[in-house]
Amino acid sequence: MAFSNAFLEEVKEKNDIIEVVGRQVPLKRAGSNYVGLCPFHSEKTPSFTVFPATQSYYCFGCGAGGDAVTFVMQTEGLDYPAAIEALANRAGIPVEEDGARTGERSVKKQRVIEATREAGRFFYAKLNSAEGAAAREYLKRREISDLTIKRFGIGYAPDAGFELTRYLRGKGFTEEELKASFLSGVSKKGNLYDIFRNRIMFPVFDLAGNPVAFSARRLNEADERKYVNTSDTPAFKKSKILFGLNIAKSTSDGTLILCEGAVDAIALHQAGFDNACATLGTAITPDHARIIARFAKTAYLAYDIDKAGRAATDKAMHYLNEVGVATKIINLGTEAKDPDEYIKKYGADSFRRRLKGSEGQNEYTLNTIIGKYNMDIPDEKAFAAREVTSFLATLTSGAERDIYTNFAAGKLGINPTMLADDVRRTAAYLRKKNKNDYDENMKRDAEGFGDKVNRDRVRFSSAATLEERILGIMITHPDLAPDAAGKLTENSFVTEFGRRVFAAFEESFRKGSAPQISAHGFTPAETARISRMMAQRETAHENSASVLDELITKLGRQKEMTEADEKIKEDPASSLADYIEKLRDKK
Ligand SMILES: [Zn+2]
């Protein structure tokens, strides 16, 4: 990595893991460690454990793990250099300038935020100038009040070539910074120009309340793109940010309303639903779902009533289910195409009634299936019944299945007992199939096929386990590491993963210092595995020099055996003779 060791040490020293994690996850002391509810999966009893001694965390529930740097990377969506910089900034450590990291990557998140903030001021002033007349007219037509304009900092990007660019250059922002902030582009001739032109500008804020991006709606309906949203920048990942959540998170009563775009969210806020938020130019992602789970137990989905909206609804139900957030689907009927239009036509009270009467997920799914078919045509009705049966068979609770079988039978106009019989048969079939799949998976796991991090485990499972115990002790007990490192080389390891971990940390091991587990380019899954090695040592009692010695000896034997195996494969006759000779010598 491009940062010096001394700098990384300082960043690590001044960012205690308890404090870094504690900013996002309430932690409780449990013996010498701390536990909390895992931010990476949904759980009711804490299995997310933070180990102050090794400055690491590991979730016994979902296997997420790492150190302070990994935690910031994963929860804030930053890459490694950006996470180091964020931690350095928080601790007031000047960030090293580094010639190797040039271009946009070296533009700091803080500068992007500052440029975005300045741009927001510029757009806001433009909206309230003579140039902004048409934009103000548009907002008036959309019934967006002055108060809302102020509250959301809505602005106007003038129809000019490089006015904003010139303004920001005047404020001291460099070309690199403006490009990295997605405010200026570069023409073929190499000149900077404004990316946003003749658009209504909706600033987007991160959870800390920093302006990080814009969602820009066209003012001229002839413009090709309805919305232009900021692309990912050092301060903004669209897969991780929800418009309006900076407000909704503090007003949420355990529920959030999820809609498609900034304008919908703003209309809902203005109508008094300040728990509304929106994804920006993208369908909901697993990251969004995890963020939502931190603030809400139930999400109301209010997507557009068209094909794309239905697809988005399905996706949202899926991802939110996975993180334990219940979903309800607001049925706006056919009178309005989106929440904004609905509220304008029928008012906030009517929307509130729709919210209360919103469909649970099963009801929504059944209505969607049945809605696709024409119930007057027997063939279509039969298809609908078949599809409904497959869905009902996936419901695992008997009561739930009974309730929705009756509901669907009513909708289809068929005999509930008959439908129930079909559902039972299909469910039995699925159970059998699932069991076969499950058995197959268990078998694969036992054979090591399931281990994607340490792929050699399938062939060398005892060696892989020994290596994890050895490395785990060496990482968590730096005082024992130099002695052990003296007895080991990369070649002592059987699996490729064990070899790589040893090589990465070898220098620290020899010096007897705790290695920086996030500083060696391991993937998140690999880092999590290293944390697991550490966590297992933390909870084990046998971590002494003699235990470590014994493990190393055992690994040596494993290594010999695998080498002998390899030789026998290459040259069966002579190798076998060698091996037997060797065994005799030993005796
Ligand atoms: Zn977890």
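**Exercise 1. Two loop residues with unusual phi**

Find where Gln 55 sits, and say whether Gln 55 is buried or exposed.

Solution. Step 1: place the residue. Gln 55 is in the loop that runs between S3 and S4; strands (E, at least two residues) and helices (H or I, at least four) are DSSP runs, numbered from the N terminus. A quick word on the input: this is a predicted model, where local features need pLDDT of at least 70, side-chain atom pairs count only at pLDDT 80 or more, and totals for chains, interfaces and linings use all residues. Residues are numbered from 1 along each chain as its sequence is written, and side-chain values use heavy atoms, with hydrogens and water left out.

Step 2: check the accessibility. Gln 55 comes out at 16% relative accessibility, so Gln 55 counts as buried. The cut-offs are under 20% relative accessible area for buried, over 50% for exposed, and partly exposed in between (1.4 Å probe, protein chains only).

Step 3: look at the backbone. Gln 55 isn't a glycine, yet its phi is positive, at about 55°. For context, most residues other than glycine have a negative phi.

Now do the same for Asn 198: which loop holds it, and what is its phi?

Solution. Asn 198 belongs to the loop between strand S8 (192-194) and strand S9 (199-205). Its phi is positive too, near 50°. Asn 198 is buried, because its relative accessible area is 14%.

**Exercise 2. The zinc site**

List the protein donors of the zinc ion and work out the geometry of the site.

Solution. Step 1: collect the donors, meaning N, O and S atoms within 2.8 Å of the metal (3.2 Å for Na, K and Ca); water is not among the atoms, so sites may look incomplete. You get Cys 38 (SG), His 41 (ND1), Cys 59 (SG) and Cys 62 (SG), at 2.1 to 2.3 Å from the zinc ion.

Step 2: check the angles. Among the four donor atoms they run from 102 to 120°, and the site is tetrahedral; that label needs all angles between 85 and 135 degrees.

Step 3: read off the spacing. Along the sequence, the donor residues follow C-x2-H-x17-C-x2-C. Cys 38, in the loop between strand S2 (33-36) and strand S3 (48-51), and Cys 62, in the loop between strand S4 (56-59) and strand S5 (65-67), are 24 residues apart, so this pair links distant parts of the chain.

Step 4: compare the burial of that pair. Cys 38 is buried at 6% relative accessible area, while Cys 62 is partly exposed at 37%.

**Exercise 3. Helix lengths and burial**

Check whether H19 and H23 have the span you'd expect.

Solution. Step 1: the expected span is 1.5 Å times one less than the number of residues. H19 has 16 residues and should span 22 Å; its end C-alpha atoms are 23 Å apart, which agrees. H23 (residues 545-570) has 26 residues and should span 38 Å, against 37 Å between its end C-alpha atoms, which also agrees.

Step 2: see what's covered. In H19, 12 of the 16 residues are buried, which makes the helix mostly covered; among them are Leu 466, Glu 467, Ile 470 and Met 474. The buried residues of H23 include Val 547, Leu 551, Leu 555 and Lys 559. An α-helix has 3.6 residues a turn, so residues three or four places apart point the same way.

**Exercise 4. Two helix pairs**

Classify how H19 packs with H21, and how H1 packs with H4.

Solution. Step 1: get the axes, which are lines fitted to C-alpha atoms over the stretch in contact, with angles from 0 to 180 degrees between N-to-C directions. The axes of H19 (residues 461-476) and H21 (residues 496-511) come within 11 Å and cross at roughly 20°. For H1 (residues 5-14) and H4 (residues 80-90), the axes are 9 Å apart at about 60°.

Step 2: apply the classes: under 35 degrees is roughly parallel, over 145 roughly antiparallel, 65 to 115 roughly perpendicular, and the rest oblique. H19 and H21 are therefore roughly parallel, and H1 and H4 are oblique.

Step 3: assign handedness. A crossing is left-handed if the near helix is turned anticlockwise from the far one by less than a right angle, and right-handed if clockwise. H19 and H21 cross left-handed, and H1 passes H4 in a left-handed crossing as well.

Methods
Four donors count as tetrahedral if all angles lie between 85 and 135 degrees; four count as square planar and six as octahedral if opposite donors are over 155 degrees apart and all others between 65 and 115; anything else is irregular.
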